Amino acid sequence: MDLAIRLGVDPKKSEQMVRGTVVLPHGTGRKVRVLVFGKRSKEKEALDAGADYAGADEVIEKISKGWLDFDKAIATPDMMGSVSKLGKILGPRGLMPNPKVGTVTFELERAIKEIKAGKVEFKVEKAGIVHVTVGKVSFGSERLLENIRTLLEVIGPGETPTSKGVYFRSIALSTTMGPGIKIDPLYARNVLKQ
């Protein structure tokens with residue numbers, strides 16, 4: 001299930017950029033394969049914490065030859081100089097580690113556990129819309145509603161003083177590639193205030 005939220009912001013203005021991460025209480029229902037860029041001691045720590053792959057220069061070499069068998073990448077800050085060489089490969093696919101979303105850190109165990117638990121990133125696109133996967137249809141309405149509420153609670157306070165008019169302009173819930181069901185933004189705002 002995907003949620004599309006049209007916000008009353010102008011993403012061209014940096015102070016109105018809405019971006020962040022949220023750990024959904026019931027996850028997304030997807031199995032996430034995590035790669036960690038880290039030197040020897042951090043490599044072992046990452047594998048013990050649940051990472052699927054870990055390494056340093058050998059993994060960078062493997063990726064530069066075309067290997068992309070992972071869903072999320074985390075890097076230790078000391079590895080970012082080497083990882084930045086992969087920017088043209090990882091960047092367009094959304095796999096580049098980024099300190100703003102917590103994927104460049106020495107706290108590997110926490111970062112891996114959050115990603116495996118269902119941490120999702122969101123960023124407003126050019127049209128002022130945020131698209132986020134909030135779970136699977138098989139979750140049932142209660143679990144989906146809890147995930148949606150958690151997401152809206154994180155995006156809602158992002159209201160900027162320079163944005164004008166209504167913050168939540170429209171909200172639509174849909175299955176992947178399915179028709180959208182509109183949700184009344186006023187109702188969503190009132191639910192958040194409870």
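This passage describes the fold of a predicted model, from its overall dimensions to its sheets and aromatic contacts.

The secondary structure of the protein consists of 7 helices and 9 strands. Along the principal axes, the C-alpha atoms occupy a box of roughly 50 × 40 × 30 Å. The radius of gyration is 18 Å, which agrees with the value near 16 Å for a compact globule of 194 residues. Of these 194 residues, 43% count as buried. When contacts between residues at least 6 apart in sequence are considered, 67% of them join residues at least 24 apart.

Several of the strands are arranged in sheets. Strands of a sheet pair through backbone hydrogen bonds, and the pairing is either parallel or antiparallel. Both kinds occur here, as described below for a sheet with parallel pairing and a sheet with antiparallel pairing.

The parallel sheet is open and has 3 strands, in the order β4-β3-β5. Strands β4 and β5 form its edges, and each of them pairs on one side only. From one strand to the next, the twist averages 15 degrees. Strand β3, residues 34-37, is joined to β5 by 4 bridges in the parallel sense. Within this pairing, valine 36 is placed opposite isoleucine 74 of β5. Two helices are associated with the sheet. Helix α2 packs on it and touches β3 and β4, with a direction at about 125 degrees to that of β3. Helix α1, residues 40-49, lies across β3 and β4 and runs at about 170 degrees to β4.

The antiparallel sheet is also described as open; it has 4 strands, in the order β7-β1-β8-β9. Its edges are β7 (129-133) and β9 (180-183); each has a single partner strand, so one side of each is left without a neighbour in the sheet. With direction ignored, neighbouring strands of this sheet are turned by 20 degrees against each other on average. Strand β8, residues 168-174, pairs with β9 in the antiparallel sense over 4 bridges. Alanine 172 has lysine 182 in β9 as its bridge partner. Helix α6, residues 141-155, packs on this sheet and touches β1 (2-7), β7 and β8. The direction of α6 makes about 25 degrees with that of β1.

The loop between α6 and β8 contains glycine 156. Glycine 156 has a relative accessible area of 13% and is therefore buried, the cut-off being under 20%. Leaving aside residues up to four places away in sequence, glycine 156 touches Tyr167 and Phe168. Glycine 156 and arginine 189 are 33 residues apart along the chain, and their C-alpha atoms are separated by 8.2 Å.

A further antiparallel pairing joins β2 to strand β6, residues 119-123, over 5 bridges. Here valine 22 stands opposite valine 120 of β6. In a regular strand the side chains alternate between the two faces of the sheet. Strand β2, residues 19-23, shows this alternation. Gly20 and Val22 point to one face and are buried, whereas Arg19, Thr21 and Val23 point to the other and are not.

Aromatic contacts were searched for in the whole structure, and 3 aromatic pairs were found. One of the pairs is formed by tyrosine 53 and tryptophan 67, whose ring centres are 5.1 Å apart. The planes of these two rings stand at 90 degrees, so the pair is edge-to-face, a class that requires an angle over 60 degrees. The pair links distant parts of the chain, with its members 14 residues apart. Tyrosine 53 belongs to strand β4 (residues 53-55), while tryptophan 67 is in the loop between α2 (57-64) and β5 (72-75). The two residues fall into separate accessibility classes: tyrosine 53, at 26% relative accessibility, counts as partly exposed, and tryptophan 67, at 19%, counts as buried. Together with Phe70, Tyr53 and Trp67 form one aromatic cluster.

Charged side chains are also placed over aromatic rings. Lysine 62 lies over the face of tryptophan 67, at 4.4 Å from the ring centre. Tryptophan 67 thus takes part in the aromatic cluster and has lysine 62 over its face. Arginine 143 lies over the face of phenylalanine 139, at 4.4 Å from the ring centre.

Note on methods. Residues numbered from 1 in each chain as written. Predicted model: local features only at pLDDT ≥ 70, side-chain atom pairs only at ≥ 80, totals over all residues. Heavy atoms only, no water. Phe/Tyr/Trp six-rings, centres within 6.5 Å; stacked < 30°, edge-to-face > 60°. Buried < 20%, exposed > 50% of the residue type's maximum accessible area, 1.4 Å probe, protein only. Lys NZ or Arg CZ within 6 Å of the ring centre and 35° of its normal. Pairing = 2+ DSSP bridges. Axes fitted to C-alpha atoms, helices over the stretch in contact; angles between N-to-C directions. Contact = heavy atoms within 4.5 Å. Rg over C-alpha atoms; globule rule 2.2 N^0.38 Å.
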